[in-house]
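Here is a short walk through one structure for someone meeting it fresh. Take a look at the sequence and the model, then read on.

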Amino acid sequence: MKTVGIRKEVKVMTQYLGDSGKLNEKGKDLARVRQSLIEELEAINWYEERIQASKNESLKKLLAHNRDEEKEHAAMLVDYLRENDPIFDKMFSEHD
């Protein structure tokens, strides 16, 4: 099962990065963080859709809890990007 996850990560990294072999380790790490952020945001959307579709209040509560954990993960990733990508951080104070 781990092999499948690794293969998926390699496929995703290749899909988004093209020739990832030319990236240094910092570049690869930043790409991993950005891809992880995308995946956390997608998970939030999936949970929200399921919450709104369900009529079961206990299930909705459970799914909302899981969605909110994904929001925490997304925030942690944004913090990482701000700490490790000076331009990304700069955009939070200088965007239009």
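Let's start with Ala-64, which sits in helix H3. Helices here are DSSP runs of H or I with at least four residues, strands are runs of E with at least two, and both are numbered from the N terminus. Ala-64 is buried, with a relative accessible area of 18%; buried means under 20%, exposed means over 50%, and partly exposed is in between, using a 1.4 Å probe and protein chains only. Its C-alpha atom is 9.3 Å from that of Ile-44, a residue 20 places away along the chain.

Before going further, a word on what you're looking at. This is a predicted model, where local features need pLDDT of at least 70 and side-chain atom pairs count only at pLDDT 80 or more, while totals for chains, interfaces and linings use all residues. Residues are numbered from 1 along each chain as its sequence is written, and side-chain values use heavy atoms, with hydrogens and water left out.

**The overall picture**

The protein chain has 4 helices and 0 strands, giving the pattern α-α-α-α along the sequence. It has 96 residues, and 23% of them count as buried.

**Helices H2 and H3**

Helix H3 covers residues 57-84. At 1.5 Å a residue, its 28 residues should span 40 Å, and its end C-alpha atoms are 41 Å apart, which agrees; the expected span is 1.5 Å times one less than the number of residues. Besides Ala-64, the buried residues of H3 include Leu-63, Arg-67, Glu-70 and Leu-77. Their cover includes H2 and helix H4 (86-94). Lys-61, also in H3, is exposed at 64% relative accessible area. The C-alpha atoms of Lys-61 and Ile-51 are 8.1 Å apart, with their places 10 residues apart in sequence.

Helix H2 takes in residues 25-53. Among its buried residues are Leu-30, Leu-37, Glu-40, Ile-44 and Ile-51. At the start of H2, a side-chain oxygen of Asn-24 comes to within 3.1 Å of the backbone nitrogen of Lys-26.

**A buried Glu**

What does Glu-40 have around it? Setting aside neighbours within four places in sequence, Glu-40 is in contact (heavy atoms within 4.5 Å) with Glu-70, His-73, Ala-74 and Leu-77. Glu-40 is buried yet has no salt bridge, and the nearest side chain of opposite charge, Arg-67, is 12 Å away. For charge, Lys and Arg count as positive and Asp and Glu as negative, while His and the chain ends are not counted. The side chains of Glu-40 and His-73 do share a polar contact of 3.4 Å. That term means a pair of N or O atoms within 3.5 Å; within protein, one must be able to donate a hydrogen and the other to accept it, and residues adjacent in sequence count only if both atoms are side-chain atoms.

**Salt bridges**

A salt bridge is a side-chain nitrogen of Lys or Arg within 4 Å of a carboxyl oxygen of Asp or Glu. The count comes to 7, including these:

| Salt bridge | Closest N to O distance |
|---|---|
| Glu-25 and Lys-28 | 3.7 Å |
| Arg-32 and Asp-29 | 2.8 Å |
| Arg-67 and Asp-68 | 2.9 Å |

Glu-25 and Lys-28 are 3 residues apart in helix H2, so about one helical turn separates them. Arg-67 is buried at 13% relative accessible area, whereas Asp-68 is partly exposed at 38%. Together with Glu-48, Arg-67 and Asp-68 are linked in a network of salt bridges.
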